[in-house]
Structures are given as C-alpha cells and as structure tokens.
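Please open the model in your viewer and keep the selection tool at hand. This tour goes from one selection to the next, and at each stop it says what is there.

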Amino acid sequence: MSSKTKSFVQLGKRIPIAAIGAFLILVAAARVVDAQTAVTTPATDTKNDSSAIYGFLRSWNVVLGPSAMLVPKYEGADAFRVLPIPLASAHYGRVSVDSRGVTLNVFSPGDFSFDLRGGYELGRYESDSDDLKGLGDIGFAGVVGGIASYNLGPVKFYGSLDRTIGGSEGLVARFGVNATHTYDRFTLSAGVSATWADDKYMRAYFGVTPEQSARSGLSTFNANAGFKRADFTTSTTYMISEHWLVRGQAGVGYLLGDAANSPIVKDKLQPSGMLSIGYKF
C-alpha cells in the first residue's frame, strides 16, 4: 500500500463515516422527494418543497443530532479518546438505517424476528496508540451478517453472527439480552452480552507474530478462537419535547480468554460512555 493510500485510509477512519453515510442518505432522499415534487408542484413553490422533504423525514422516523463517545484508544488499551460521532437513525417498514449500517427485517412471525444487516469495521491503526507501534494496521472493512431475536414483553433475547470482508477477515458472534422500560418521558434500557470471535479475528487483534514481536518488542502470542469479552450496558433517553431528546449511555466490558492474556492488552476492564442530543422528525 502506497503512503498516500495509507494516509487516505487513516484519514477516512477518523472522519465520522456514519455522518457521511447519513448525509448521503438524506441527500439522496431529498433528491427523490424533489424529483417527485417537481412533477406536481411549480418550481417556485419552495414551501411545498420543504413540506415534502419534512414529510419524507417524518415517514422514515429520522433522528439526527450530535454525539460524543468516550472509548479506549483500542480494545485492551488503558487510555481513552473522545470520538465525535453522529446520532443518526431512520426506519421505514422493514428497513432500518443508523450509524452502524443498514438492517433488513426478513421475517418476524409473532415475537420472533430475523434480520440481515450490512455495516463496517473501522479496523485498528498503529497511530491510535504508542502501545501499537510495530504491530501494523488492520484496515477498514465491510461487515455482513444476521441477527435472530425473541421478544418476551420488554425483554429481548438475541444472537448475531457477522462476517468481516477485508480487515481481519474474521467471524464474530454475539449473544445477549436487553430490557427496556418507558416511564413518562424517560426510556431506560440495560443489557448484558458475550462476544465470541474466530481464529482470524483473534490473531489479527490480539495475536503477535514473530515479525510483529521483532518490531514492537512484545513477546510472540498465538490468539485462538473463543469468547473474547463480556459487556454490560445501560442507557437513558429523555424526551425534552415532542421532537428533542437527550441520551446518555454507559458501558463496561471485560476481556476474556486469549484476548485478556494478549501482551497487547494493558487493561482487561474496558469502560465507555456516550452523550447525544437529537431531533426526532
């Protein structure tokens, strides 16, 4: 990979990709609405144009706003960074779009549901932390997978399987349960989950090859497939008004197995937090 290409990939990693995706989706939607409106509305009727676009956003249940997340510099780090990311989501019929990607509900008989989804994996870069020097970069990659879930009242049980195309070329499975409760203007949510990863993913993110060992000074380490972490998350959403909302989220993960034993890992405990403000159309 040339130095220019490498710089571009690293720059792309730091740009809020989800924000770009949300922007492109909304621009495309606006163009579709504009094209439809142009057939029935004079070009000078800007009020009707605006109403049509707003109606489109409402029909898709669009939520947009700024957000900031506090996360470890990499999985296993003992230092943190703040990431500006968008609060962006839309839902219409069986299709959902958010900052993580696109989800399509294939079928949902009763309380059971099965979805297909496509998204991305940001990868990991030496420039993320001095502790990663000599380990090389794991590039940005696409992700395809599916998720099966079962709702039991306010409780949701789920299992997902994702395949990475590019980057680690790994396979990741997640199993968990979430509970949600709404009281007045508050929506409270809490969940626990466990994440399993195959050999390719584990070796990419937690293994140290002889070449990487020579460059970084870390001891060689062969990371094998297995459960890599357990997580607990909780969030609170408050509807300030009919359209405005504020959301806070906190979580803590604990690395397991070969992930926890990797010489790359500086801290097994991985806390995170996020604060968002959004406008619901």
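Begin by selecting Tyr 150, which counts as partly exposed because its relative accessible area is 39%, a value that lies between the limits of 20% for buried and 50% for exposed. As you look at Tyr 150, keep in mind that the model is a predicted one. Tyr 150 has its place in strand S6.

Now widen the selection to Leu 104, Val 106, Phe 107, Phe 112, Leu 116, Leu 152 and Phe 157, which together with Tyr 150 make a nonpolar surface patch of about 700 Å². Colour strand S4 (101-107), strand S5 (112-121) and strand S6 (141-152), since these are the elements that give two or more residues to the nonpolar patch. Which of them gives the largest share of the nonpolar patch? That share, three residues, comes from S4.

Before the next stop, step back and show the whole protein chain, in which there are six helices and 12 strands. The protein chain has 281 residues, and 33% of them count as buried. Its accessible surface comes to about 15,500 Å², and 62% of this belongs to carbon and sulfur atoms. Among the contacts in the protein chain with a separation of 6 or more, 52% are accounted for by residues that are 24 or more positions apart.

Next, select strand S2 (residues 80-92) and strand S3 (residues 95-98), which pair in the antiparallel sense over four bridges. Within this pair, look for His 91, which stands opposite Ser 96 in S3. The hairpin of S2 and S3 has two residues between the strands, and here Gly 93 takes a positive phi near 60 degrees. Add S4 to the selection, and you will find that S3 and S4 run antiparallel and are joined by four bridges. Here Asp 98 stands opposite Gly 101 in S4, and the hairpin that joins S3 to S4 passes through two residues.

Move on to strand S7 (residues 155-165) and strand S8 (residues 171-183), an antiparallel pair with nine bridges. Where in S8 should you look for the bridge partner of Tyr 158? The partner is Gly 176. In the hairpin of S7 and S8 there are five residues between the strands, and Gly 166 takes a positive phi near 95 degrees. Then add strand S9 (residues 186-197), which pairs with S8 in the antiparallel sense over 12 bridges. Thr 180 stands opposite Ser 189 in S9, while the hairpin of S8 and S9 has two residues between the strands, with Asp 184 in the turn showing a positive phi of about 55 degrees.

For the last stops, turn to the interior and select Ala 197, Tyr 201, Met 202, Tyr 205, Phe 206, Leu 255 and Ala 259, which touch the most other members among the 13 residues of the largest nonpolar core. Helix H4 (199-206) and helix H6 (257-261) are the elements that give two or more residues to this core, and the largest share, five residues, comes from H4. Centre the view on Ala 259, which, leaving aside its neighbours within four places in sequence, is in contact with Met 202, Phe 206, Lys 228 and Val 265. Apart from this core lies another one, of seven residues, which you can find by selecting some of its members, including Ala 77, Leu 132, Leu 135 and Leu 218.

Definitions and conventions: Residues are numbered from 1 along each chain as its sequence is written. This is a predicted model: local features need pLDDT of at least 70, side-chain atom pairs count only at pLDDT 80 or more; totals for chains, interfaces and linings use all residues. Side-chain values use heavy atoms; hydrogens and water are left out. A nonpolar core is a set of buried Ala, Val, Leu, Ile, Met, Phe, Trp, Tyr and Cys residues joined through side-chain atoms within 4.5 Å. Buried means under 20% relative accessible area, exposed over 50%, partly exposed in between (1.4 Å probe, protein chains only). Contact means heavy atoms within 4.5 Å. Accessible areas come from the Shrake-Rupley method with a 1.4 Å probe; for residues, only the protein chains shown count as cover. Patches are made of residues with over 30% relative accessible area and no salt bridge: like charges are joined within 9 Å, nonpolar side chains (Val, Leu, Ile, Met, Phe, Trp, Tyr) within 5 Å. A salt bridge is a side-chain nitrogen of Lys or Arg within 4 Å of a carboxyl oxygen of Asp or Glu. Two strands pair if DSSP finds at least two bridges between them.
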